[in-house]
Amino acid sequence: MKKIIFIISLIVCTMNQAAVIKDSLYIPKAQFNDKILFDDDCDACGCAAGNGSSGFESLLNPQFVGIKYFAQHYKAKENLFVKDLTQDQYFNTLQLWGKIPLTKKLSVYASLPFHFHEKKTQQGDIKINGIGDLNVLGIYQLFNSKNTFHQLNGGIGVKVPLGKFDEKGITGVNPSFQLGTGSWDYQMVLNYRYQKNKIAVLFNTDYTIKTENKKHYDFGNQWNYSATGFYQFYKNDNVVFSGKTGLQGEVYDANKQFKEVLPNTAGSALYGKLGFEAAYKKFSLGSEIMLPAYSNLAGGDIEAKSRFSIFFNLGI
């Protein structure tokens, strides 16, 4: 039943993304920068506890190409014999993304990340970098009220395993210290938006079903959810500026190897977030900082510390 609820939530989230596509980027027609939520890169903590949300952030244009930088900081146990969380782990992602409408209600979203991760150990710093997994998502507008106050979008997608999966990496405290999951994973998204005058509220949820890779390792399924409020501080014919604040949560199922559940690999986290979005003609810029209100990752062996993101898009 739990998994069924997750899947339904994911489908809903995808729908929401579709709606956002229609009314985000073009400033003369949009009062708000709408954000599509669907965490692209991996997951949270690298690939299973390191990506953050589903990769759609608030966007000011209905169709765009752009670039996004996403940084995450975690504290982890150095090894099984150390009780304190002494190891700093940094997950950095530079991502190319875009959203292209195919019809009035149907759009395609895609993102390609490049990761450069680092963890500091007593034996020295360990770094990995390279291309991550490709995400492709179809987004459909399920509902749009006549007064445009309410909008619901949903979507489904696939993650193509282009990123390298290192079997040696799963032996550490954080098996998510990877460039990719090595598996074909499937995503569902649902998004609801209410917008009136200078205020907008977005509710997003997405669910990722992860499959077993060639090394017989299966990262746990992931559920993301968020609620974000927007307020438009300034707008004229060419410029829009708004602030945003909200909450974002993530839930991770346990990882499996050879179909066996692995201990201390499940977890959850809840973040508070604060940011802004601005646009000038067809150009849009946004940034966000997130701090944990609750963190219980990998059975307490990993603690979320902070996240930061910034993106720059061009409407097409």
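Colleague: How much area does the protein chain expose, and what share of it do carbon and sulfur atoms supply?
Modeller: This is a predicted model, and the values are computed from it. The exposed area of the protein chain is about 13600 Å². The share supplied by carbon and sulfur atoms is 64%.

Colleague: What percentage of the residues count as buried?
Modeller: A residue is buried under 20% relative accessible area. The protein chain has 316 residues. The part of them that counts as buried is 54%.

Colleague: How many helices and strands does the chain have, and what share of the contacts between residues at least 6 apart joins residues at least 24 apart?
Modeller: The secondary structure comes to one helix and 18 strands. For contacts in the protein chain between residues at least 6 apart in sequence, the share that joins residues at least 24 apart is 65%.

Colleague: Which strands each supply at least two residues of the largest nonpolar core?
Modeller: That core has 12 residues, among them Tyr74, Phe91, Tyr271, Leu297 and Ile302. At least two residues each come from β3 (64–77), β16 (267–280), β17 (283–297) and β18 (302–315). Another core lies apart from it and has seven residues, including Phe64 and Val189. The strands asked for are β3, β16, β17 and β18.

Colleague: Which strands are joined to β16, and by how many bridges?
Modeller: On one pairing, β13 (residues 239–252) runs antiparallel to β16, and Gly246 stands opposite Lys273. On the other, β16 and β17 run antiparallel, with Gly267 opposite Leu297. The strands are β13, with 14 bridges, and β17, with 14 bridges.

Colleague: Which residue in the turn between β16 and β17 has a positive phi?
Modeller: The two strands form a hairpin with two residues between them. The phi in question is about 55 degrees, and the residue is Lys281.

Colleague: Which are the edge strands of the open sheet that contains β14?
Modeller: Three strands form this sheet in the order β11-β14-β15, with antiparallel pairing. β11 pairs with β14 (residues 256–257) over two bridges, and Tyr217 stands opposite Gln257 in β14. An edge strand here pairs on one side only, which applies to β11 (217–218) and β15 (260–261).

Colleague: How far apart in sequence are the parts that the salt bridge between Lys75 and Asp88 ties together?
Modeller: The closest N and O atoms of Lys75 and Asp88 are 3.1 Å apart, inside the 4 Å cut-off for a salt bridge. Asp88 counts as buried at 16% relative accessibility. Lys75 lies in β3 and Asp88 in β4 (residues 85–101), so the parts tied together are apart in sequence by 13 residues.

Colleague: What is the sequence separation of the parts tied together by Asp301 and Lys77?
Modeller: Asp301 forms a salt bridge with Lys77, with the closest N and O atoms 3.4 Å apart. Asp301 is buried, with a relative accessible area of 12%. Because Asp301 lies in the loop between β17 and β18 and Lys77 in β3, the separation is 224 residues.

Colleague: Are Arg307 and Glu250 buried or exposed?
Modeller: Their salt bridge has its closest N and O atoms 2.5 Å apart. Arg307 lies in β18 and Glu250 in β13, so the pair ties together parts 57 residues apart in sequence. The relative accessible area is 2% for Arg307 and 1% for Glu250. With the limit for burial at under 20%, Arg307 and Glu250 are buried.

Colleague: Which residues are linked in a network of salt bridges?
Modeller: The count comes to 11 salt bridges. The network links Glu118, Lys120 and Asp125.

Terms used
Residues numbered from 1 in each chain as written. Predicted model: local features only at pLDDT ≥ 70, side-chain atom pairs only at ≥ 80, totals over all residues. Heavy atoms only, no water. Core = buried A, V, L, I, M, F, W, Y, C linked by side-chain atoms within 4.5 Å. Buried < 20%, exposed > 50% of the residue type's maximum accessible area, 1.4 Å probe, protein only. Helix = DSSP H or I, 4+ residues; strand = E, 2+ residues; numbered from the N terminus. Pairing = 2+ DSSP bridges. Contact = heavy atoms within 4.5 Å. Areas by Shrake-Rupley, 256 points an atom, 1.4 Å probe, with all protein chains shown as cover. Salt bridge = Lys/Arg side-chain N within 4 Å of Asp/Glu carboxyl O.
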